[in-house]
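Me: I am new to this structure and would like to look closely at one part of it before I try to take in the rest. Please go slowly, and explain each term when it comes up.

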Amino acid sequence: MHLERGVHLKRKLGAFDAAAIVVSNVIGGGIFFVPVIVAQLVPAPGAMLAVWLAGGALALAGAMAYAELAAVRPHAGGEYVYLRDAFGPLAAFLTGWTSFIAGFSGAIAASTIALADYVTRFVPGAAGAKPAIALAAIFALTLVHVRGLGPGRLVQNLLAGLKVGGIVTIVALGFAFGHGHAANLAAPGHAAAIPWLLALVPVMFSYSGWNAATYVAEEVRDPGRNVPLALGLGTIAVVVLYLLLNALYLYALPIGELAAVPGGRLMDTAAERLLGHAAGNLLALFTIVGLSASISAMVLAGPRVYFAMARDGMFVRAAGRVHPRFHTPAAAIVAQSLWSSVLVLSGTLSQLVSYTGFAVVLFSAIAVAALFVLRRRDGAGPASAGQDSPRAFSAIGYPWAPALFVAASAVMLVNEVWRNPVPTLAGTALIFAGVPVFYWFRTRS
C-alpha cells in the first residue's frame, strides 16, 4: 500500500455523522446487564432511574469539557492531543498505548467475538467457526473505513440509525403491546445514599464512549461548531435511550425480579416477559446490528489516535501517513485491525479487557482536568498551540461541571481499586509497560 505524507485528512464529516459515532460507541453491552447491578444496589424504581439520569448528566459534563478542548484543538487523536499539550508527551503516549493495546483493539475483539456468537444462532453448525466470523467482521469493516470517509460515513450512519431505530422499536412495542405493569415504575422502595453512589460507578462505565467524536475532529467540518454539537446531541440521545430502556425493564419486571436476572439475560428475559418467546430471534438480529455499529465506530475512531501519535514520532511511522487516494490513516486502521485479530485468536482477551477497563475513566478524567490547565495557560489571548480559534466553544457549567466530573471519576477509580485490586494493579502495570516503549520511540525520533 503506497502512502504519502503530503496528503492530508479531509474535513467531510458533519455534526450528524460525528453524533452517530458517539451513539454507536457508547451503546454497547453495558445497558444490557448493568441495570441488574443497579437494581441490586438501588431497590427503588425512582432512585434507579435517577442514577441513570445523574450518570447521563456527568457524561454530558465531560462531553462539554471535551467539546471545548476539541473546538480549540480540532486535531485527530482526542485526549492524546489534550494530554500532550497539558501534561507532556509521556502522559499522552500512555493513553494512546492503552488505546492500542486494549482500549480500542481489545474492545473490537471482544465485540466481534460476541457478534460471532449471535450469528451462529442463525447458522446451524457454525459454532466452531466463531473466530473466523469475528475475523471476517474485522476485515470487512476495516476495508470499509480504509476506503474513505464516503463509504465509512454511509455504513456508520446506516448502522447507527438501525441501532437507534431498533431500540426505539423495542421500547415502543414493549410499552404498546407488552404484558407489563406500569405500577412497577412507581413501586415503593428505599435507596440509601452510599449504595446509590456505588451504583453510579457501573452506570458511568455504561456511558463511556461519549468522547468518540473528538477522535475524528480533524475530519469534521467547522469543528468549533460541529464537534460540540455532535458531543451534545450524541450524549443526550444516549441518555434518553438509556432512560427508556431502564423504564422498559421496570415495566416488564418488578425491581426485585430485575435484580435477580442472570447476567447477560436481561434483554431476553424482559422481551420474553413482554412479547413472548418469539421475540428472541428479533432481539438476536437487533444485537447483531448493534454490535456491528459499535465495532464500526471503534474501527473508525481508534486509528486517529495512533495517527496523531505517529505524526509526533510516537508510533510506527507509516501510521502517520494519509492514503493518497482515500485520504484516510489507512496504515493506522490496518495496524489496529491486525492487533485486534491477534487478540481474537489469543486466550487472554477477557483478562486484557478487564485489566484496562478502569483506564477509560482514568484518562478521560485526566483529559477533563487538562481543560483547567490549558485555560490557564492559553488564557483569552491569540490562538496558540495549534488552535484554530481561542474559545471557539466554552464548556457549559465551567468550572463546576468539569470539576464535578473529575471528582466523580476519582471516586470511581478509588472504588475500583478497593473492590478489584488485582485487575486494577495488573491494568496499571500494563499501562506503565508503555513507559520503556515511549522512550524507545523518543530515542528513534
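What follows is a close look at the loop between α9 and α10, where Asp222 lies, and at the contacts that lead on from there.

Reply: Before the loop itself, please keep in mind that this is a predicted model, in which local features need pLDDT of at least 70 and side-chain atom pairs count only at pLDDT 80 or more, while totals for chains, interfaces and linings use all residues. Residues are numbered from 1 along each chain as its sequence is written, and side-chain values use heavy atoms, with hydrogens and water left out.

The helices named here are DSSP runs (H or I, at least four residues), numbered from the N terminus. Asp222 is placed in the loop between α9 and α10, and its backbone shows a positive phi of about 45 degrees although the residue is not a glycine. Most residues other than glycine have a negative phi, and most peptide bonds are trans. Asp222 is partly exposed, with a relative accessible area of 48%; here buried means under 20%, exposed over 50% and partly exposed in between, with a 1.4 Å probe and protein chains only.

The loop also takes part in a salt bridge, a term that means a side-chain nitrogen of Lys or Arg within 4 Å of a carboxyl oxygen of Asp or Glu. The side chain of Glu218 meets that of Arg311 in such a contact, at 2.7 Å from N to O. Glu218 lies in the loop between α9 (193–207) and α10 (223–252) and Arg311 in helix α13, so the pair ties together parts that are 93 residues apart in sequence. Glu218 counts as buried at 12% relative accessibility, whereas Arg311 is partly exposed at 39%. Elsewhere, salt bridges that share partners join Arg73, Arg84, Asp85 and Asp312 into one network.

Two members of that network, Arg73 and Asp85, have side chains that meet at 2.7 Å, N to O. Arg73 lies in the loop between α3 (45–72) and α4 (79–87) and Asp85 in helix α4, so this pair ties together parts that are 12 residues apart in sequence. Both are buried, Arg73 at 1% relative accessibility and Asp85 at 18%.

A search of the whole structure finds nine salt bridges. One of them links Arg153 and Asp17, with the closest N and O atoms 3.8 Å apart. This pair joins distant parts of the chain, since Arg153 is in helix α8 (residues 149–177) and Asp17 in helix α1 (residues 15–26), 136 residues apart. Arg153 is partly exposed, with a relative accessible area of 28%, but Asp17 is buried at 9%.

Aromatic contacts lead back to the loop. Rings of Phe, Tyr and Trp (its six-membered ring) pair if their centres lie within 6.5 Å, and planes under 30 degrees apart count as stacked, over 60 as edge-to-face and the rest as tilted. By this rule the count comes to 19 aromatic pairs. Among them, Phe175 and Tyr251 form a tilted pair, 4.9 Å from centre to centre and with 45 degrees between the planes. Phe175 lies in helix α8 and Tyr251 in helix α10, so the pair ties together parts that are 76 residues apart in sequence. At 32% relative accessibility Phe175 counts as partly exposed, while Tyr251, at 11%, counts as buried.

In the pair of Trp210 and Phe405 the ring centres are 5.5 Å apart and the planes stand at 90 degrees, so the pair is edge-to-face. Trp210 lies in the loop between α9 and α10 and Phe405 in helix α16 (residues 400–419), so the pair ties together parts that are 195 residues apart in sequence. Trp210 is buried, with a relative accessible area of 5%, and Phe405 counts as buried at 2%.

Another loop, the one between α15 (349–378) and α16, holds Pro399. A cis peptide bond, with omega of about 5 degrees, joins Tyr398 to Pro399.

A further loop, between α13 and α14, contains His327, which has a positive phi of about 55 degrees although it is not a glycine. His327 counts as buried at 18% relative accessibility.

Methods
Helices (H or I, at least four residues) and strands (E, at least two) are DSSP runs, numbered from the N terminus.
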